Amino acid sequence: MELGLTTFAELYPTGDRPAPTAAERLRQVVDEAVATEAAGLDVYGVGEHHRQDFAASSPAVVLAAAAARTERIQLTSAVTVLSSDDPVRVYQDFATLDGLSNGRAELMAGRGSFTESFPLFGYDLADYDALFEEKLALLLRVREEGPVTWTGRFRAPLHDATVYPRTDDRPLPVWIAVGGSPESVIRAGLLGLPLAIAIIGGEPARFKPLVELYHRALAEGGHEQQPVAVHAHGYVADTDARAVAEFYEPYALAMSTIGRERGWGPMTHEQFDALRSQRGSLFVGTPDYVAGKIAEVRDTLGLDRFMLHTSVGTLPPAQVLHSIDLLGTKVAPQVR
């Protein structure tokens, strides 16, 4: 199973430390990608957001910087908000990244759990589902070899157009990222695309019916089996007490901040402890504990990839780099 890291390039203060600037945080993200490869991990992902508290509005650019300093790891968006972007430009960006990285680019397409990009780029949230469906269809057409003639609702038509640059040796890998919607899971399966599931609350085991639904949709669409990935929050430290002490405050701040926008109550330590229990969705603790939880979720859901999102709140860079090293040198060997 592949193991790796994801980030949204978060910009939260931590304790008495102010939040880093966006420029500082982006440079830290590239350092994290380098550390991910050095630790022997397989993939690094950057998520797209258009908010004050996240620095990465253009994952392809950030990943290109990481490509220049790495040689082996896969570099993926996590996710690209395809609904509010132009599929032609998205393809060009990631095909360019694929060339720069010598064939290591991937694209995770999602509808977006945050909505700031829709008014920013002139889209109506009433078209939330229709936008994604149409733009995904166009993206998949564009990545095929040969000219494309296409007409839709949300962009100018294409007439016998070939989009450049092309990727070498393979089509650009496109995953579908979902947060738990059965409709999204079915869409991924019917299209024969790999599936990435964000698990940020509750019990991971409850996603098993969705994975089974995905496999049924793959079969109905006449497709071979495709990879399934999970993205989850977590942090690895040398001791359990240190993991909790270092991770809880930044995590609670970030989740409480977002919760105020969405009508959740503030994160409490009791909720945190429940989430990091054996059945919960937080992977926080020693290498042995985190490895055991990842292996259990892998076996329950039949995973091919697990991506840990460590900087949910903005942690000090040294702590993040140490956690990445433990994930690669202590957790990954046990899981594998």
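# Exercises on helix packing and an aromatic cluster

**Exercise 1.** Find out which residues Thr14 touches, leaving aside those up to four places away in sequence.

*Solution.* Thr14's contacts, with that sequence neighbourhood excluded, are Pro250, Thr314 and Leu315. Keep in mind that we're working with a predicted model. Next, place the residue: Thr14 sits in the loop that runs between strand S1 (2-7) and H1. Last, check its burial. Its relative accessibility is 10%, and the cut-off for buried is under 20%, so Thr14 counts as buried.

**Exercise 2.** Work out how H1 and H2 are oriented to each other, and which residues meet where they touch.

*Solution.* Start with the axes: those of helix H1 (residues 22-38) and helix H2 (residues 59-67) come within 9 Å and cross at roughly 50°. That angle falls outside the roughly parallel class, which needs under 35 degrees, and outside the roughly perpendicular one, which runs from 65 to 115. H1 and H2 are therefore oblique to each other. The handedness of their crossing is right-handed. Now the side chains: H1 brings Leu26, Val29, Val30 and Ala33, and these meet Val62, Ala65 and Ala66 of H2. Sort that contact by class and you get 7 nonpolar residues, with no polar and no charged ones.

**Exercise 3.** Do the same for H1 and H11: find their orientation and the make-up of their contact.

*Solution.* The axes of H1 and helix H11 (residues 317-335) come within 9 Å, crossing at roughly 20°. With the cut-off for roughly parallel at under 35 degrees, H1 and H11 are therefore roughly parallel to each other. H1 passes H11 in a right-handed crossing. From H1, the residues involved are Gln28, Asp31, Glu32, Ala35 and Thr36; they meet Pro317, Val320, Leu321 and Ile324 in H11. Class by class, this contact holds 5 nonpolar, 2 polar and 2 charged residues.

**Exercise 4.** Describe the aromatic pair of Phe247 and Phe272, then find the cluster that contains them.

*Solution.* A search through the whole structure turns up 10 aromatic pairs. In the one formed by Phe247 and Phe272, the rings are 6.4 Å apart centre to centre, with 35° between the planes, and the pair is tilted. Phe247 belongs to helix H8 (residues 240-262) and Phe272 to helix H9 (residues 269-275); they're 25 residues apart, so the pair links distant parts of the chain. Phe247 counts as buried at 1% relative accessibility, and Phe272 counts as buried at 0%. To finish, widen the view: Phe247 and Phe272 join Tyr235, Tyr248 and Tyr251 in one aromatic cluster.

How values were computed
Residues numbered from 1 in each chain as written. Predicted model: local features only at pLDDT ≥ 70, side-chain atom pairs only at ≥ 80, totals over all residues. Heavy atoms only, no water. Axes fitted to C-alpha atoms, helices over the stretch in contact; angles between N-to-C directions. Helix = DSSP H or I, 4+ residues; strand = E, 2+ residues; numbered from the N terminus. Parallel < 35°, antiparallel > 145°, perpendicular 65-115°, else oblique. Left-handed = near helix turned anticlockwise from the far one by under 90°. Contact = heavy atoms within 4.5 Å. Nonpolar A, V, L, I, M, F, W, Y, C, P; charged D, E, K, R; others polar. Phe/Tyr/Trp six-rings, centres within 6.5 Å; stacked < 30°, edge-to-face > 60°. Buried < 20%, exposed > 50% of the residue type's maximum accessible area, 1.4 Å probe, protein only.
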